[in-house]
Amino acid sequence: MSENKDRKPLLKIEDLHVSFMTYAGRVQAVRGVSLSMEKGEILAVVGESGCGKSVTAQTILQLNPSPPSVIEGGKIELEGRDLIKCSESEMRKVRGREISMIFQDPMTSLNPTARVGNQIMEGILKHQKVSRKQAYDRAVEMLRLVGLSNPEQRMRQYPHEFSGGMRQRAMIAMALVCDPKILIADEPTTALDVTIQSQIVDLMLELREKLKTGILIITHDMGVVADIADRVAVMYAGMIVESGDVQEIFYHPKHPYTWGLLDSIPKPGTGRTDRLVPIDGTPPDLIYPPKGCPFAARCDYCMKICHERMPEITDAAGGHQVRCWLQHEYAPKVENRYTTGEGGEDHAAGSHRA
Amino acid sequence: MHANPLSRDQFERTLKSTAALNEIKRPATTYWKDAWRRLKANPVAMVSLVVLALIVVLAILVPVFSPYDYATQDTKSINQAPSAAHWFGTDTLGRDVFVRCWVGARVSLLIALVATLINVIIGVLYGGISGYFGGRVDMLMMRGVEIIYTIPDLLWVIMLMVIMGPGLKTIIIAIAITGWGSMARLVRGQVLQLKQSEYVMASKTLGGGFGRIIFKHLIPNTMGPIIIDLTFSIPSAIFTEASLSYLGLGIPVPLASWGTLANEGAKMLLLFPYQLLFPALLISLTMLGFNLLGDGLRDALDPRLRK
Amino acid sequence: MTKYVIKRLLIAILTLWIILTATFVLMKSIPGDPFANEKMILPEIRANMEAKYGLDKPLIEQYVIYMNNLLHGDFGVSFKYKNRSVNSIIETGFPVSCALGLSACFIGLVLGVVFGILAAIKRGKWPDYLVIFISILGVSVPAFVFASLFQYFFAAKLKWFPVSGWGTLATMVLPALALGFRMVAYIARMMRTSMLDVLSQDYIKTAKAKGLTQLEIITKHTIRNAIMPIVTVSGSMIASTMVGSFIVENIFNVPGMGKYLVNAVKDSDYTMIMGMTAFYAIIMILMMFLVDIVYMLVDPRVKMD
């Protein structure tokens, strides 16, 4: 950190606050999220539905409709330039060219009445001064790159003629066609069959190697995280509760919520027979967020202080950051398989395919 | 870091209570209560409701308490402009337009309500049967609706009137048997959707009988759209009646409906425009009321918009 | 694709056959059978009718004759006036109704779609409220009220246009507006809803994420998808307006199909009603068929079934 102070990270989000003004009240969906991402890195933001991860992702490109959404504070810096201060027309130059995005449901993310080819070429023609022919060639090349056979024929087809996996490949081709620095993938595998999921994950890994694109992947699937991510940020109730290298998060998780997440996923191939443990309860209502730690009410290790005050982010060993009172010197020591260092391996080992 | 220092006893463990966790904080309300609450919060819909209620009350009361009779002609006072004696003026035969308008309201509303009621009954049965059986039966029955739709309502009504002869009963029957198509389609769609829905499947799996599925799932879920459709078909029935009567194909004299009043008024339009104005205003107000109320009900009853 | 067209064509022919049979049955079921009643028909017409409809023959044979005539484009003769055939009425009335109806549809569809798009883009701002107001007004106020008001103000008071009649362009303006206004209201409301629906779709977000401007998103990805429901309704709408409007034609005294049909009803001219209904049905079904074809061209997904 100290060796290279002027070097700006590729993407840096600082203390981002986003709220939605709804009929029922002000929903504080994102409450002070900070993230950073280096060139060519794959960062996974993981958390259960409604935790604000998609809102964070969409806020980067300012895709949330406003109203009802309001960016209430913070910075989103792309190579040092604050995107929040950008005008709408400046943002349009960022979208698709510097940062691209793909969405959860490839079935509905493509325009049903436009040819796939035209939808891919649209981005190139928008951002680059090229002829239609060049754009066409580039689109064909991209379709080939994402592993679609007969790309020329695919170009002429409509989305309904594609399967779900093919559509997500086409979406990826569309997103990467202008060679962006960052690809934001919002639950890219959730709507797909399991076998297709792993193909898409492999494709993203492969493309990262080839194109050196940074990928910000939003998911609730710890298995996908283990497969793809370099670094992980765990999000809960609009906040990052823990972040660190993927190895750190799986081998030495520090936050009780992360423990819960790891406990609630199946562990294939380990021979373990313990039952999956769900996390009791539901996340807090973000119209009236608790003043203390948002996870306190569901936490097995909850202390008095947790209900009273929001814990600060603290640095733990290994570039690992945690927002939890258990890190405090006064806190009682917790003994479980994660703190003793024997948890986690099975997840990482179990789901990482060679 | 913090203004006041932390003490060790703040780091005592607390027990979590699972029961409290799974408690839902927002109060539970029934579907209809919730819908009613939201309808009440919609000022446009509430004003429409009040206006419609007022029209119904006036239609009932005015002919009873008015000093004039709707059919009595008075040759001494023809084509008078609105005055204290005749609030809406008088027509070419010296009849009081005010009382005729409210008698007309009775007739128009009666036609609309009865016809719509018959519409609903036919539509629900037809659509329900079509959706319930599905397959070939459904295809044939829906083709039937399509055929009825091919010819505009007004033409069907005219053909039926030719066969049955003009009159109040004919108009009601004609509107009733031509207007049920949209209701049938709606109910059929709902039934088809519900048949495949997971909660009906779940109910079946749990041993819920036919009756339970019909009364616990089908009817409550279809009621909303039916009520909305109803609010829109009442004005369309009023409209059809008014159009027919306006063309001189409606109910026979001296009985008045808003359509016949408008027809008579239109003949005098260039000389005494107010004779058309009042019935036209009443028709428009009623249609407006039903349309706005329908919009409000749709917002209130559509469960997808529930927050 | 050919299979789809043939399938739609067969359905159209079947529907038409059912409707034509239904009109025949309806006319034959008029109480007291006016055709058999000597007093109701003038002798010279009687002969005409017998030749045309084979009234002295059994019912089945009459049906065959009726269908055969229709197949040859012969819609029959008047029951009340001699030397008047349905075809002659269609020849004079249909072009008039068609011109009036098509100009009304043009006004209705163009303005309706434009208003709907504007309202959706400016959602919650004054253009939106204006369009909502117009559409509620248009749906709530009966056509005859509009027509009468137009006639009273623009013709009788301001004298911009003739009160009634037909023949010049000026006579066409008020009826076309009166007829078109309701359509504007209806289409604008529908287009607005449809636009808002499309704008909330995921692929609009995709388009925005590509860096397209709002205008590009609207023109390239929204309108084509949003116009689908309009295409569906416009077929029957155009068909039903071009065959004549009962009310507007009567108010403005336009010599179109609607006026003749209302007169026929008032005269109890049964064969005329039957013939015109048959013509109506043919036009409607033809239009529905065309709409199916247009739909297939606009929406690539339809080809799959």
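The exercises below, each with a worked solution, concern a predicted model.

**Exercise 1. Describe the make-up of chain B in terms of its helices, its strands and its buried residues.**

Begin with the secondary structure: chain B contains 12 helices and 0 strands, and its pattern along the sequence accordingly reads α-α-α-α-α-α-α-α-α-α-α-α. Turn next to burial, where 40% of the 307 residues of chain B count as buried. Finally, consider the contacts in chain B between residues at least 6 apart in sequence, of which 68% join residues at least 24 apart.

**Exercise 2. Work out how α4(B) is placed against α7(B), and which residues make the contact.**

The first step is the geometry: the axes of α4(B) and helix α7 (residues 168-178) of chain B come within 8 Å and cross at roughly 40°. The second step is to classify that angle; α4(B) is therefore oblique to α7(B), since angles under 35 degrees count as roughly parallel and those from 65 to 115 as roughly perpendicular. As for handedness, the crossing of α4(B) past α7(B) is right-handed.

The third step is to list the residues: α4(B) contributes Ile111(B), Val114(B), Ala115(B), Ile118(B) and Asn119(B), while α7(B) contributes Ile171(B), Ile172(B), Ile175(B) and Ala176(B). Sorted by class, this contact has 8 nonpolar residues, 1 polar residue and no charged residues.

**Exercise 3. Carry out the analysis for α4(B) and α8(B), and give the classes of the residues in contact.**

Here helix α4 (residues 97-133) of chain B meets helix α8 (residues 181-196) of chain B, with axes that come within 7 Å and cross at roughly 35°. The crossing is right-handed. On the side of α4(B) the contact includes Asn119(B), Val120(B), Gly123(B) and Val124(B), and on the side of α8(B) the residues include Met183(B), Ala184(B), Arg185(B) and Arg188(B). By class, the contact of α4(B) with α8(B) holds 10 nonpolar, 6 polar and 2 charged residues.

**Exercise 4. Establish how chain C meets chain B, and which element of chain C gives the largest share.**

Start from the totals: 32 residues of chain C are in contact with 31 residues of chain B. Then identify the elements of chain C that give two or more residues to this side, namely α1 (2-28), α5 (126-140), α6 (143-157), α11 (246-251), α12 (257-266) and α13 (270-298). The largest share comes from α13(C), with 8 residues. The side of chain C that touches chain B divides into 23 nonpolar, 8 polar and 1 charged residues.

**Exercise 5. Locate the two domains of chain A and describe the contact between them.**

According to the domain assignment, domain 1 of chain A spans 40-65 + 84-98 + 180-354, and domain 2 spans 109-179. The centres of the two domains, taken over C-alpha atoms, are separated by 31 Å. Their contact takes 14 residues from domain 1 and 14 residues from domain 2. On the side of domain 1 that touches domain 2, helix α7 (residues 194-211) of chain A gives the most, with 6 residues, and by class that side has 10 nonpolar, 3 polar and 1 charged residues.

**Exercise 6. Decide whether Lys126(A) is buried, partly exposed or exposed, and name the residues that Lys126(A) touches.**

Lys126(A) lies in helix α3 (residues 116-127) of chain A. Because Lys126(A) has 19 C-beta neighbours inside 10 Å, Lys126(A) counts as partly exposed; burial would require 20 or more. Leaving aside residues up to four places away in sequence, Lys126(A) touches Gly96(A), Lys210(C), Gly211(C) and Leu212(C).

Terms used:
Residues are numbered from 1 along each chain as its sequence is written. Chains are lettered from A and ligands numbered from 1 in the order in which they are written. This is a predicted model: local features need pLDDT of at least 70, side-chain atom pairs count only at pLDDT 80 or more; totals for chains, interfaces and linings use all residues. Axes are lines fitted to C-alpha atoms, for helices over the stretch in contact, and angles run from 0 to 180 degrees between N-to-C directions. Helices (H or I, at least four residues) and strands (E, at least two) are DSSP runs, numbered from the N terminus. A crossing is left-handed if the near helix is turned anticlockwise from the far one by less than a right angle, and right-handed if clockwise. Two residues are in contact if their C-beta atoms, placed from the backbone, lie within 7 Å. Ala, Val, Leu, Ile, Met, Phe, Trp, Tyr, Cys and Pro count as nonpolar, Asp, Glu, Lys and Arg as charged, and the others, Gly among them, as polar. Domain bounds come from an automatic or database domain assignment. Angles under 35 degrees count as roughly parallel, over 145 as roughly antiparallel, 65 to 115 as roughly perpendicular and the rest as oblique. A residue is buried if 20 or more other C-beta atoms lie within 10 Å of its own, exposed if 12 or fewer, and partly exposed in between; C-beta atoms are placed from the backbone.
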